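Here's a quick briefing on how two chains sit together and how some of their helices pack. Have the model open while you read.

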There are 2 protein chains.
Amino acid sequence: MTERGPYAKGVAKREEILAAALEHFARKGYDRASVREIAREAGLSQAGLLHHFSTKEELFLEVLRRRDDRDGDPEQHRHVHSVDHLIHAVEHNVDEPGLVRLFVSMSAESVDESSPTRSFFESRYDWLRGELRADIERRQKGGEISPDLDPDDVASLLVAAADGLQLQWLLQPDKVDMPNQLKVLWDLIRKNA
Amino acid sequence: MTERGPYAKGVAKREEILAAALEHFARKGYDRASVREIAREAGLSQAGLLHHFSTKEELFLEVLRRRDDRDGDPEQHRHVHSVDHLIHAVEHNVDEPGLVRLFVSMSAESVDESSPTRSFFESRYDWLRGELRADIERRQKGGEISPDLDPDDVASLLVAAADGLQLQWLLQPDKVDMPNQLKVLWDLIRKNA
DNA sequence: GTCTATATTTTGATAGAC
DNA sequence: GTCTATCAAAATATAGAC
């Protein structure tokens, strides 16, 4: 139940570092964020931080994994997803602009082929689209959604809308209502003959 | 008709620099792209480049303006836009992954409040949503689209979908058909009772 | 585990010759 | 208009003491 004595301190510090890193990466993006600054905010030196995470990239990837875990199972991040979960996540995101910024910045940077996060996002989108497609197919069998719609198209569209709304919302929070507009899309999908 | 003699060379070099800069900013993002590299690819020294564009930011903003001009009027970029234009632009983007990457990277970086491009993208989204909303309203009066839909919501959704699809397409070109999926959304909007 | 000190690299920008 | 040379300021990462 309790962590073994000698490691308790190290684990706590790790968490402190990750919290500071999340905030910094979210606010500045990967490049502009500096390990020094993160260390300072976590209350230790740069070298001290690099004892826990030996490179900036390693730290960054750990932060990314944590962000993902927020929405679900911390173990495998393979919990069942659905449109309801997506909408719920977007509603939750309104209260976490830092996380949204992290996600938007990092997904954009991942399009570079040499990006350390490219494969992370590729598999994330595979997983997300797959889960949504399964949910759509389920609802098509139940008669909630027209069988004329391609489940893959719908899944991509839902993910795209969520992503795109995040971007507009970050730039102009007053002009975009993310959850509401995603629901408008969802209504269009369900009401379609 | 022809440029004045003494300036012809300078203008040509400027274009060469801008072309190299576009590619670099698109591939690496603003931070990772270095003026040195861009200069080298344009066939001159860093100092030589900075004679034409005295700061990195100035160079960058000029590249951004050019990208925008591709889709329309090079003068004011205030040509009338519409859903048809949006779909057409997306179809065109399939052949220009470099431009798409530039746009995705830069719009994401612009969410940082200190970003030199923040205001650029804010006004760009204002303009784009405004044009689309006007188009939607026009079509609602013509009976093509249900009057029950909020034109602002629809405009935001269309822009969001286009942006989000770009991201997925850059990561996995084989798994996403941008123009087709945008048309699916457009059909949903029009067919909705 | 954490520190100080430092090596190394890279960056944006400037000065001044040609 | 373009160059070489250089500055000053970051950054990541490492070495070694404690």
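What follows covers the pairing of the chains, then three helix contacts.

This is a predicted model, where local features need pLDDT of at least 70, side-chain atom pairs count only at pLDDT 80 or more, and totals for chains, interfaces and linings use all residues. Residues are numbered from 1 along each chain as its sequence is written, chains are lettered from A and ligands numbered from 1 in the order written, and side-chain values use heavy atoms, leaving out hydrogens and water.

**How the chains pair up**

- Turn chain B by 179° with a shift of 0.0 Å along the axis, and it lands on chain A with an RMSD of 0.2 Å (a least-squares fit on C-alpha atoms of residues with pLDDT of at least 70 in both copies).
- That is how a two-fold axis relates things.
- Chain A and chain B each put 47 residues into the contact, contact being heavy atoms within 4.5 Å.
- The copies meet through the same surface, since 100% of chain B's interface residues are also interface residues in chain A.
- About 4,200 Å² gets buried between chain A and chain B, with 57% of it on carbon and sulfur atoms (buried area is the accessible area, 1.4 Å probe, that two parts lose on being put together, summed over both).
- Arg32(B), Leu171(B) and Leu188(B) supply 16% of the area chain B buries against chain A, more than any other three residues.

**α6 against α6, across the chains**

- Helix α6 (residues 97–109) of chain A packs on helix α6 (residues 97–109) of chain B at about 155°, axes 9 Å apart (helices are DSSP runs of H or I, at least four residues, numbered from the N terminus; axes are lines fitted to C-alpha atoms over the stretch in contact, and angles run from 0 to 180 degrees between N-to-C directions).
- α6(A) and α6(B) are therefore roughly antiparallel (over 145 degrees).
- Val104(A), Ser105(A) and Ala108(A) meet Val104(B), Ser105(B) and Ala108(B) there.

**Two packings inside chain A**

- Helix α5 (residues 83–93) and helix α7 (residues 118–141) of chain A pack at about 125°, with axes 9 Å apart.
- In α5(A), Val83(A), Asp84(A) and Leu86(A) touch Leu132(A), Asp135(A), Ile136(A) and Arg139(A) of α7(A).
- Helix α8 (residues 151–171) and helix α9 (residues 178–191) of chain A cross at roughly 160°, their axes coming within 10 Å.
- Residues in the α8(A)–α9(A) contact include Leu158(A) and Trp169(A) of α8(A), plus Leu185(A) and Trp186(A) of α9(A).

Key: Helix = DSSP H or I, 4+ residues; strand = E, 2+ residues; numbered from the N terminus. Parallel < 35°, antiparallel > 145°, perpendicular 65-115°, else oblique.
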